[in-house]
Amino acid sequence: MFERSPWYMRLGTLAFNLVLLNLLWFLFSLLGLFIVGLFPATAAMFAVLRQSIMEDEDISVIKLFWSKFKSEFIMSNLIGYLFLLVGLILYIDLRVLQLLDTGLLQLTLASITVVIGFVYLLTLLFIFPLFVHFDLKIWQYPKHALILAVAKPFQTIMMIGGLAIVLFLYINFPVLIFIFGMSLISFVIMKIASYSLPRKEFTLNEAVE
C-alpha cells in the first residue's frame, strides 16, 4: 500500500496545477476568441479540478483538459450563453428601473429583480460543478444547481466566504491574478461543492439529502 505524499508536496503540486490550469484556460479561451472558447475552457478546468479533488490527485492535466474541452464544447457554450443571456436581461432590467420615477411600482419591480438576481447568482455558483459531475439535460442543470444551493446552505455560505477571501487577495496582491486567475476561483468553488456532490455510485437525489 502506497503512502500518501507529504502535505508540502501535495501543496506544491496543487499550486503548479493551478498555475498550469490558469494558463490553459486563458490560451484555450483565446483559441476560441473568447466567444466560443471561454465556456468550454471553463468547463474543462472544472472537470480537471473535479477529478483531482474527488478521484485522483495524480492526473495528466493537459491531456484531460484537452479531452474535456472537445467533448463539452457545444453543451458548455449552450449553458454558458444561456446564463449570460439571463444575466444581461437582469442587468438591463435594473438599468431601466433606475430610470423610472421612485414609487411603489418601481420599488416592487426592483425588489423582484434583486431577488431573481440573488437566485441567479446562487445557481451560478453550482452550475459548473454540477455540469462536470453529472450527465443531465441542459434545462436540468440550472434547476438542480439552485436546489443544491438552497438545500446545502452551509456549503453555499462557505463558497461565498471563500470567494470573498480570494477577491480580497486579488485586490491586495494583483500579481496573484496573473498567476492563478480563474483557476483559484474555480478551485474554491469546486472544492466546496465537492462536499455537496455524491460520488459516482450515488444518484443525484442523494446530493441534496
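Begin by selecting helix H5 (residues 104-133) and helix H9 (residues 181-194) in this predicted model: H5 passes H9 in a right-handed crossing. The two axes come within 9 Å and cross at roughly 70°. Angles of 65 to 115 degrees count as roughly perpendicular, and H5 and H9 are therefore roughly perpendicular to each other.

Next, show the side chains where these two helices touch. On the H5 side, select Leu-125, Phe-126, Pro-129 and Val-132; they meet Ile-189, Met-190 and Ala-193 of H9. Coloured by class, this contact of H5 with H9 shows seven nonpolar residues, with no polar and no charged ones.

Keep H9 displayed and add helix H7 (residues 153-172). The axes of H7 and H9 lie 9 Å apart, and the helices pack at an angle of about 160°. Angles over 145 degrees count as roughly antiparallel, and H7 and H9 are therefore roughly antiparallel to each other. Their crossing is right-handed. From H7, select Gln-155, Met-158, Met-159, Gly-162, Leu-163, Val-166 and Tyr-170. Their counterparts in H9 are Gly-181, Leu-184, Ile-185, Val-188, Ile-189, Ile-192 and Ala-193. By class, the contact of H7 with H9 has eleven nonpolar residues and three polar ones, and no charged residue takes part.

Ile-189, which appears in the contact with H5 and in the contact with H7, leads to the next stop. Centre the view on Leu-124, Ile-127, Phe-128, Met-182 and Ile-189. Of the 21 residues that line the second largest pocket, these five lie nearest its centre. The pocket holds about 490 Å³ of space. Helix H2 (38-54), helix H4 (73-99), H5 and H9 each supply at least two residues of its lining. Which helix gives the most to this lining? Select H5, which contributes seven residues. By class, the lining of the second largest pocket has 18 nonpolar and three polar residues, and no charged ones.

Finally, follow H2 away from the pocket theme and select it together with helix H3 (residues 61-71). H2 and H3 pack at an angle of about 135°, with their axes 8 Å apart. That makes H2 oblique to H3. H2 passes H3 in a right-handed crossing. The contact is made by Pro-40, Ala-41, Ala-44, Met-45, Ala-47, Val-48 and Gln-51 of H2, together with Val-61, Leu-64, Phe-65, Lys-68 and Phe-69 of H3. By class, the contact of H2 with H3 has ten nonpolar residues, one polar and one charged.

Conventions:
Residues are numbered from 1 along each chain as its sequence is written. This is a predicted model: local features need pLDDT of at least 70, side-chain atom pairs count only at pLDDT 80 or more; totals for chains, interfaces and linings use all residues. Side-chain values use heavy atoms; hydrogens and water are left out. Axes are lines fitted to C-alpha atoms, for helices over the stretch in contact, and angles run from 0 to 180 degrees between N-to-C directions. Helices (H or I, at least four residues) and strands (E, at least two) are DSSP runs, numbered from the N terminus. Angles under 35 degrees count as roughly parallel, over 145 as roughly antiparallel, 65 to 115 as roughly perpendicular and the rest as oblique. A crossing is left-handed if the near helix is turned anticlockwise from the far one by less than a right angle, and right-handed if clockwise. Contact means heavy atoms within 4.5 Å. Ala, Val, Leu, Ile, Met, Phe, Trp, Tyr, Cys and Pro count as nonpolar, Asp, Glu, Lys and Arg as charged, and the others, Gly among them, as polar. On a 1 Å grid over the protein atoms alone, a cavity is a set of points where a 1.4 Å probe fits but cannot get out, and a pocket is an open set with protein on both sides within 12 Å along at least five of seven lines; lining residues have an atom within 4 Å of a point. Grid points are joined across faces, edges and corners, and a volume is the space filled by probe spheres set on the points.
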